[in-house]
2 protein chains.
Amino acid sequence: MQEITRKMKLDSYQMAALSLETRNTILSEIAKALTENQEAIFAANAEDMERAERDQISTAVKKRLKFDEHKMQDVLAGIADLIQIADPVGKVLLERELDESLVLKKISCPIGVIGIIFEARPDALVQISTLCIKSGNCAILKGGKETASTNKVLFQTIYQAALNAGAPEGCLRQAEGHSEIDELLACHESVDLLIPRGSNQFVQYIMNNTKIPVMGHADGVCHTYIDESADLKKAVPILIDAKTQYTAACNATETLLIQRDVAGKHLKEIAETLKSAGITLRGNREVLSLIEAEEMGDEEYNTEYLDTILSIRIVKDVDEAIAHINRFGSHHTDAIITENMDNAEKFMNLVDSAGVYMNCSTRFADGYRYGFGAEVGISTGKIHARGPVGLDGLVTYKYKLYGNGQMVGDYASGRKSFHFKDIG
Amino acid sequence: MQEITRKMKLDSYQMAALSLETRNTILSEIAKALTENQEAIFAANAEDMERAERDQISTAVKKRLKFDEHKMQDVLAGIADLIQIADPVGKVLLERELDESLVLKKISCPIGVIGIIFEARPDALVQISTLCIKSGNCAILKGGKETASTNKVLFQTIYQAALNAGAPEGCLRQAEGHSEIDELLACHESVDLLIPRGSNQFVQYIMNNTKIPVMGHADGVCHTYIDESADLKKAVPILIDAKTQYTAACNATETLLIQRDVAGKHLKEIAETLKSAGITLRGNREVLSLIEAEEMGDEEYNTEYLDTILSIRIVKDVDEAIAHINRFGSHHTDAIITENMDNAEKFMNLVDSAGVYMNCSTRFADGYRYGFGAEVGISTGKIHARGPVGLDGLVTYKYKLYGNGQMVGDYASGRKSFHFKDIG
């Protein structure tokens, strides 16, 4: 793996220098190859689905493993969109004349070599590899083992099309064995960024065992806070959506915080509605004094259920809600339901999360829903990229300085001086 | 230290919410307090200078330790500039209507708690603490032990002024013992970013021993490449500036690469000029066949001298220069001297460094010279910030989503759809 990533690193400079036209041609050739190879891809997917059947994998997971006509149309539409999207590379972020004939340009450029470890979803392989190509990066891809057969055919199809259209040999690599993940973690000299997606423990493991910068999220402990002045006609449907629309997602709400007066008046009826929606409720003693629910300890509020289970806690006011979220949350996405704009602004300014929402479902935290096109992941870190990460998170920048013989000594001695004039 | 940083983390939410007016008031109160306390500061500095004298510290280092009227005027001017600089916090980076009454805003915000470990320079303490305050961050500061007395008085002056002007208690902390650095490295739950400045080994040690993201640079192996079509009247003075103007700096050139034909014709006279400028030359066998110099091995070209010593290597062309730099360099700053724009562009696109220069000295890589105001450090990483890092590198962003009862279920089912309209 060291040898592979070292070679990719060398090829990454060529990859970074490909023109937009070449990168877009590679993308359209990939789309063409996927269409031409679709029977082989579907056949490989049938193998994965049979294995899933034999292994008695749940229906929900099987839905994600499946790669059919419909999913194929989705990924092809995704590639067509990606071709249209403006080039993230070569953007002039700053152009400044420091002095006569001394011009500084800050230009966006690819990161280099990115390792992405993702769940068993064949469409994710297509999305991730095409996002990396559009942004001029080389990528090492490791998908979930449940879709090994599909991924193998998809990867070969994409890789061959990319090579034929002018990409360097190291543009893409597939890692297949799980042992290769550990090898990859040691390649900090050649790999610039890791994006792990998957379970909490898995992402935590990656974060704790590599010197490579990691972008991603381990937990998704999201909150919905019903404020004193909430409109309950909005609050309850939002809460049900945030909890149940897709429970396995990291942006599903895990904890309901509710202001004490509202709880006193309305928690009973809210709880009935939530229960009718199939949600199991848990709460500390104060909650249990108002409604029937499973008892939980005050220190358990950092639990991520990824299921139709909801923690409930009663808080004094928006300040206590903010303090609870900053302590027990995972800095992912948290919502306030309120008609009071002051409380909303306070909440949105003081809650230290990638997404802070007013009067809508935490489930909106997603690259597609933000209009970014596909996303490579959601980051709960604050460094580099935060929240849903699309193409913008896959580039960095470099400073180009164009001179005509200038020396620092002349400026240090005062013979010359800077005049800093931003251009364009 | 765990307890201290945990408290700072809680205060960081208040710090992040301070208005620009308050942050600027804090800065002007700090400037006032520094002026009022200057006699005590100079007296403390005299103690440090006496100790330096006793310890026979070099004149160059003593120059950095000294904090006199002149340095005081510099730091006060720096604070005055900083007050004028536009607010890095609260910038609207994106404003998009996802659907009717569903508006997404991407807003810049402080990172939180930043740990900065810096060299023995009292002015650095003032610069770093004021940059953190301007950007709404809490900071833990650890300065070099050689200026312990000066730093103590400076820190107390700054900290008291900040508290009096409305900063939260945890806005700033000073770490004094060296053992506190190791404790700080373990505080990944409360500290969001570390910025170490100092020696190569020290920064490497920090990078290898913490889970906290680190921004900085260990090595500064910078190159100047004299291309086939270089104008030698520019090349030689630039090279002397890049090597000798301040040898201890990370952006000083350590290696001269020279195109083979140019070397054959001109290396002899170039070498004479460099030697007259007091530079010791080193080179591999090919270099030694042309000039007198110390012999070095082909694998030694990753050496950072921080002294008036220069490695020389002869290369075939710009491609070989690029390959050499990407292999032996430290991704800091590298320059090409050429009159051929195609070679310049190739070099600037393919060299994988934070700064890629044409026809000027590598010593320009500096926040002041880029017009950023003061810098907190120079990053050779590619994630988050690259090159000289000013205020922009001390902020991140959050996504605020303003809704009116929206649920994801409606969009997933097709009852509603996004229309993505960028505003403003």
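Here is a walk through this predicted model, from the whole chain down to single residues. Residues are numbered from 1 along each chain as its sequence is written, and chains are lettered from A in the order in which they are written. As for what counts, local features need pLDDT of at least 70, side-chain atom pairs count only at pLDDT 80 or more, totals for chains, interfaces and linings use all residues, and side-chain values use heavy atoms, with hydrogens and water left out.

Let's start with chain A. Its C-alpha trace spans about 75 × 70 × 35 Å along the principal axes. The secondary structure comes to 15 helices and 17 strands, where helices (H or I, at least four residues) and strands (E, at least two) are DSSP runs numbered from the N terminus. Chain A has 424 residues, and 59% of them count as buried; buried means under 20% relative accessible area, exposed means over 50%, and partly exposed is in between (1.4 Å probe, protein chains only). Now take the contacts in chain A with a separation of 6 or more: 71% of them are between residues 24 or more positions apart. Contact here means heavy atoms within 4.5 Å.

Next, how do the two chains relate? Chain B can be laid on chain A by a turn of 180 degrees and a shift of 0.0 Å along the axis, with an RMSD of 0.0 Å. That is the relation of a two-fold axis. The copies are superposed by least squares on the C-alpha atoms of residues with pLDDT of at least 70 in both. In chain B, the residue that comes closest to the rotation axis is B:H384, at 1.8 Å (C-alpha). The copies meet through the same surface, because 100% of the interface residues of chain B are also interface residues in chain A.

Inside chain B, have a look at two helices, α2 (residues 20-36) and α7 (residues 148-164). Their axes come within 8 Å and cross at roughly 140 degrees. Axes are lines fitted to C-alpha atoms, for helices over the stretch in contact, and angles run from 0 to 180 degrees between N-to-C directions. α2(B) and α7(B) are therefore oblique to each other: angles under 35 degrees count as roughly parallel, over 145 as roughly antiparallel, 65 to 115 as roughly perpendicular and the rest as oblique. On the α2(B) side, B:I26, B:E29, B:I30, B:A33 and B:L34 meet B:L154, B:T157, B:I158, B:A161 and B:A162 in α7(B).

What about cysteines? With a disulfide taken as a pair of cysteine sulfur atoms within 2.5 Å, the count comes to zero over all chains. B:C109, for one, is in no disulfide, and its nearest cysteine sulfur, that of B:C138, is 13 Å away. B:C109 is buried, with a relative accessible area of 11%. The sulfur of B:C171 is 6.6 Å from the closest cysteine sulfur, again in B:C138, and that is too far for a bond. B:C171 counts as buried too, at 0% relative accessibility.

Finally, some single residues. A:Q56 isn't a glycine, yet has a positive phi of about 55 degrees. A:Q56 sits in the loop between α3 (38-54) and α4 (59-65) of chain A and counts as exposed at 70% relative accessibility. A:S101, also not a glycine, has a positive phi near 60 degrees. Its loop runs between β1 (92-99) and β2 (102-110) of chain A, and A:S101 is partly exposed at 38%.
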